[in-house]
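Q: Please choose one part of this model and take a close, careful look at how it is packed, and then follow the connections outward from there. I am in my first year, so please explain each term as you come to it.

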Amino acid sequence: NEIVIHVRVCTYAEKPKAWSACYGDLPYEYYQRILDKVAKNRQELNITILTPPTCLQNLHAPRNLVHKLMNDYGAKLRTSKSTAKDGRGDYCYLNRAEFIILQPSTFGWWAAWLSNAHEIHFPLIGLFAHQRTLNYPRGPHHQKIGNHGANLLKCDALFTSPGGKTKSLVVSEDRYVYHDILGNRWFGTYSVTNESFHFQQEEDNLSPKEEGLTSSSDFREKSPEEIFCADPPVRKFQKNNRIIGLGPRSVQLACFAKWTEAHFGENLTSNIQAKSKACCSLFQTNQQPKILVFPRSHLEAAMHFSGGNILLKTIPLKNRSIDFNFIGRVNSKQPAATRARRWILDFAKSYFTHHSYYIDTTASHHESKYIRLGSWDRSIITPGFLPMDAMAKQRNGQVCAMARCDPSYYATLANSLFTLAPAGDQPWSQRFFESIMAASIPIVQSPEHTGRSFSEKLIGYKFFLASEFAARISAFRQAKKSNDAPLPYCADLAKYNLDLFLRHQTLIARRQTISPGLFLCESEAFNTLAFT
């Protein structure tokens with residue numbers, strides 16, 4: 001959740017200038033608008049300023065940008081020592097950032113462009129204003145303005161080829177957010193097709209003094225699908241440094257995630273023995289990571305069934321035939337786990353339909369006495385994978401029985417609009433993260449059940465609470481004027497979640513290497529039949 005601000009010029013401008021030099025001052029409003037918008041959706045801001053030491057020499061001077069950001073937003077500093085080695089360190093730090101706010105700088109531009117950052121804020125001013133686009137005309141770069149004339153001429157030379165054709169630093173990617181500072185237009189996107197920018201007309205575009213006003217877009221009538229799939233409220237979590245220990249299954253999955261990426265590119269199927277020896281005998285670990293990671297075999301299987309694009313540009317709006325699913329234990333030997341799952345039955349009886357999929361994985365233990373709960377109850381018809389049974393099998397020699405990749409399980413999740421993800425023996429469940437892998441929206445009883453650590457909960461996933469669902473469905477059906485209208489698929493929420501998952505809960509360095517399919521799932525040691 002770190003926000004990295006690259007500061008090249010130490011001061012900020014009181015007002016935007018009509019034209020600035022290549023690396024001219026930015027108005028403080030640029031940073032304020034971005035950070036205030038982010039703050040609306042986050043519990044806390046984690047801001048790092050990447051700056052040269054010169055900005056610290058006059059830290060208390062008027063209009064010192066670093067000092068103001070520290071005071072207003074609690075930003076912390078990372079400074080270099082102006083050596084070639086430290087310059088590379090700054091570059092790599094910026095390159096690894098996930099949320100970047102740029103100043104005009106070719107150093108920052110390259111680091112951001114080559115990064116996997118999911119959001120890059122780009123000010124259309126100074127060096128970055130030389131875009132030659134249809135609705136952002138050339139500034140008076142050929143004129144000398146004060147002491148900046150030489151800089152402007154030198155800056156312009158960077159973008160003009162000998163034949164007179166101009167170049168551009170604008171990137172047509174979803175992760176880039178553009179700010180036309182001189183035109184007072186904010187949070188825009190760029191279309192390379194017609195060489196133009198489109199700026200959102202939203203409440204955030206109003207100045208702080210105008211926050212009480214309403215944008216004209218707020219009066220646009222929303223569709224029933226937009227009403228139903230509206231962003232859930234910002235979740236609040238109890239701050240707790242406790243990290244719940246990993247169980248055997250999580251330990252093995254995390255081990256395989258590390259092993260697979262360390263040996264990626266090798267013949268993975270021929271190394272099953274080495275992997276199983278390294279990971280499958282693990283039932284506990286002294287290491288308790290703040291964030292659990294999953295192997296690419298599970299991710300690629302889930303994306304195979306969901307149809308998610310490798311680079312996450314889209315998740316198909318396919319007709320998912322299952323509205324709700326639950327696969328797991330309803331009753332446990334642990335009283336706390338049984339209490340934590342009581343809401344499942346109430347929810348299922350209220351909302352499950354003949355399009356739903358319900359499996360109590362413990363039903364097979366008392367099959368003769370089990371009474372089906374409805375047409376959606378497939379507990380006896382289709383027994384599900386039960387990790388606790390797999391533990392006994394693993395102890396009896398079935399290698400990695402607990403960490404198996406179950407294609408039928410991910411097929412069900414990926415064919416579902418929603419997945420019920422109750423807490424287990426501990427106040428969290430792997431099912432929450434598995435549903436996100438399969439692009440299904442998780443439903444939980446409490447925000448506290450969305451992770452085993454405070455860090456996992458703060459990743460920022462969007463999920464629904466069971467207690468909120470009645471109002472959401474009621475509003476949708478009222479808008480549709482139908483009590484039996486099928487629920488829509490919230491693809492934007494699923495895409496948002498999957499993007500976060502790839503960044504935080506895998507060790508995959510490049511998304512281009514993700515190959516949705518069942519090859520790894522079926523061939524590596526996760527298969528319980530591999531070593532019987």
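A: Contact here means that heavy atoms lie within 4.5 Å of each other, while helices (DSSP runs of H or I, at least four residues) and strands (DSSP runs of E, at least two residues) are numbered from the N terminus. This is a predicted model, in which local features need pLDDT of at least 70 and side-chain atom pairs count only at pLDDT 80 or more, whereas totals for chains, interfaces and linings use all residues. Residues are numbered from 1 along each chain as its sequence is written, and side-chain values use heavy atoms, with hydrogens and water left out.

The part to look at closely is helix 10, which takes in residues 296-306 and is mostly covered, with nine of its 11 residues buried. Buried means under 20% relative accessible area, exposed means over 50%, and partly exposed is in between, with a 1.4 Å probe and protein chains only. Written out, the buried residues of helix 10 are R296, S297, H298, L299, E300, A301, A302, M303 and S306. Among the elements that cover these buried residues are helix 8 (248-262), helix 14 (407-414) and helix 15 (430-437), and helix 18 (491-504) and helix 19 (519-523) are included as well. After helix 10 comes G307, which has a positive phi near 80 degrees.

One of those covering elements, helix 14, leads on to a sheet, since helix 14 lies across strand 11 (322-328), strand 12 and strand 13 and runs at about 145 degrees to strand 11. That angle is taken between N-to-C directions on a scale from 0 to 180 degrees, with axes fitted as lines to C-alpha atoms, for helices over the stretch in contact. The sheet is an open one of five strands in the order 12-11-13-14-15, with parallel pairing. Strand 12 (357-360) and strand 15 (464-465) stand at the edges with a single partner strand each, so one side of each has no neighbour in the sheet.

Two strands count as paired if DSSP finds at least two bridges between them. Strand 11 pairs in the parallel sense with strand 12 over four bridges, and I327 stands opposite I359 of strand 12. Strand 11 also pairs with strand 13, again in the parallel sense, over three bridges, where I322 stands opposite S416 of strand 13. Seven of the seven residues of strand 11 are buried, so strand 11 is largely enclosed by the rest of the structure. Further along the sheet, strand 13 (residues 416-420) and strand 14 (residues 441-444) pair in the parallel sense over three bridges, and F418 has I441 in strand 14 as its bridge partner.

Strand 8 (residues 176-180) makes a useful companion case, because five of its five residues are buried and strand 8 is thus largely enclosed by the rest of the structure. In a regular strand the side chains alternate between the two faces of the sheet. In strand 8 both faces are covered, since Y176, Y178 and D180 on one side are buried, as are V177 and H179 on the other. Strand 7 (residues 119-123) runs parallel to strand 8 and is joined to it by four bridges, with P123 standing opposite H179. Strand 9 (residues 185-191), by contrast, pairs with strand 8 in the antiparallel sense over two bridges, and R185 in strand 9 is the bridge partner of D180. Four residues lie between the strands in this hairpin of strand 8 and strand 9, and N184 there takes a positive phi near 55 degrees.

A single buried residue can be read in a similar way. T48 lies in strand 4 (residues 46-51) and counts as buried at 2% relative accessibility. Apart from neighbours within four places in sequence, T48 is in contact with E2, I3, V4, I5, K76, R78 and Y93.

To step back to the protein chain as a whole, the secondary structure comes to 19 helices and 15 strands, and 50% of the 532 residues count as buried. Among contacts between residues at least 6 apart in sequence, 69% join residues at least 24 apart.
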